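Work through the following exercises with the sequence and the structure open beside you. Try each task before you read its solution.

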Amino acid sequence: TVLLQSNINAHYNAVDPYILQVVNISITGFICLALIWSMSVLIDRAEESLMAEQKITDDLLHNILPIHVAKDLKETGRTIPQKHNNVTILFTDFEGFTELVASISAITLVNELNHIFGRFDDIMEETGVEKIETIGDAYVAACGLGEELTEHAINCIKAAQKMLYYLEERNRNHEIKWRMRVGIHSGPIVAGVVGKKKFRYDLFGDTINTASRIESSGEPGKI
């Protein structure tokens, strides 16, 4: 039996303390940079999320209130009622609505009105008219509130014509036939937000009352 023996002595030279210090500083710096980058990403994402939420809030507020009123509420927390000397009111409702309500289901009624009023909303944007509210089957809009316009009455007439044309086309392909009356009147109006909760932008004055009376005494399909 042959035994081979070898003495192997390992020699480890001590690492230079200066190099260790440089390595430690480099690692610490890298960790700090990584943390700063991570925080920057988190902050950017938080800002983007906040901006997205703010946009959603602004859009919801603008759907409830005119843009200039919503701006006052955001900046000061309140609005001051304003008098407008020359505004045109567009007032509509449907003939035979009470009888129709009794003849169809509530779900069908809501779906029908939602579809029709949704198209009316688009028409208001197309013609530069401001939707004010819907009350049952009544649709109320106005033009000339936000800024001085010389063609506010013309805009409301164009909107009414588009609304009537839309209903004519719709009635051809739907079982339920909608016949709408339209009243339009121009004059002074006072506008403002009423209440502390569930803000409601409303109009006051004889002009809107006259538009309502003209509509109720009008003929379906005509302005």
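Helices, of at least four residues, and strands, of at least two, are DSSP runs that are numbered from the N terminus. Keep in mind throughout that the model is predicted.

**Exercise 1. The chain as a whole**

Task: State how many helices and strands the chain has, and give the order in which they come.

Solution: Begin with the count, which comes to 6 helices and 5 strands. Next, follow the chain from the N terminus on, and the elements run α-α-β-α-α-β-β-α-β-β-α. Then turn to the burial of the residues, where 32% of the 223 residues of the chain count as buried. Finally, take the contacts with a separation of 6 or more, and you will find that residues 24 or more positions apart account for 69% of them.

**Exercise 2. The buried face of a helix**

Task: Find out which residues of helix α6 are buried, and explain why they can be said to line one face of the helix.

Solution: First locate α6, which covers residues 206–216, and pick out its buried residues, namely Thr207, Ile208, Thr210, Ala211 and Glu215. Now look down the axis of α6: the buried residues fall within an arc of 160°, and therefore they line one face of the helix. As a last step, ask what covers these residues; the cover includes the strands β1 (82–94), β3 (138–143), β4 (180–194) and β5 (200–204).

**Exercise 3. Two packed helices**

Task: Describe how α4 and α5 pack, and list the residues that make the contact.

Solution: Two packed helices are described by the angle between their axes and the distance between the axes. For α4 and helix α5 (residues 152–173), the angle is about 145° and the axes are 9 Å apart. The crossing in which α4 passes α5 is right-handed. On the side of α4, the contact is made by Glu112, His115, Ile116, Arg119, Phe120, Ile123, Met124, Glu126 and Thr127. On the side of α5, the residues are Asn155, Lys158, Ala159, Lys162, Met163, Tyr166, Leu167 and Arg170. Sorted by class, the contact of α4 with α5 has 8 nonpolar, 3 polar and 6 charged residues.

Task: Decide whether Thr127 is buried or exposed, and trace its contacts.

Solution: Thr127 has its place in helix α4, which covers residues 106–127. Because buried means under 20% relative accessible area, Thr127 counts as buried with its value of 12%. The side chain of Thr127 reaches the backbone oxygen of Ile123 at 2.8 Å. Once the neighbours within four places in sequence are left aside, Thr127 is in contact with Asn155, Lys158, Ala159 and Lys162.

**Exercise 4. Two further residues of α5**

Task: Work out whether His152 and Leu164 are buried or exposed, and say what each of them touches.

Solution: Take His152 to begin with, which is placed in helix α5. His152 has a relative accessible area of 5%, so it is buried. Apart from neighbours within four places in sequence, His152 is in contact with Asn86, Val87, Thr88, Cys143, Gly144 and Ser186.

Continue with Leu164, which is also found in helix α5, and which counts as buried at 11% relative accessibility. Not counting residues up to four places away in sequence, Leu164 touches Met180, Val182, Gly221, Lys222 and Ile223. The C-alpha atoms of Leu164 and Trp178 are separated by 9.8 Å, while along the chain these two residues are 14 residues apart.

**Exercise 5. Separation along the chain and in space**

Task: For Leu100 and Ile176, give the separation along the chain and the separation of the C-alpha atoms.

Solution: Leu100 is found in helix α3 (residues 97–103), and it is buried, with a relative accessible area of 16%. Along the chain Leu100 and Ile176 are 76 residues apart, whereas their C-alpha atoms are separated by 8.9 Å. With neighbours within four places in sequence left aside, Leu100 is in contact with Ile176 and Trp178.

Technical notes
Residues numbered from 1 in each chain as written. Predicted model: local features only at pLDDT ≥ 70, side-chain atom pairs only at ≥ 80, totals over all residues. Heavy atoms only, no water. Buried < 20%, exposed > 50% of the residue type's maximum accessible area, 1.4 Å probe, protein only. Arc of directions from axis to C-beta. Contact = heavy atoms within 4.5 Å. Polar contact = N/O pair within 3.5 Å; in protein donor to acceptor, adjacent residues only side chain to side chain. Axes fitted to C-alpha atoms, helices over the stretch in contact; angles between N-to-C directions. Left-handed = near helix turned anticlockwise from the far one by under 90°. Nonpolar A, V, L, I, M, F, W, Y, C, P; charged D, E, K, R; others polar.
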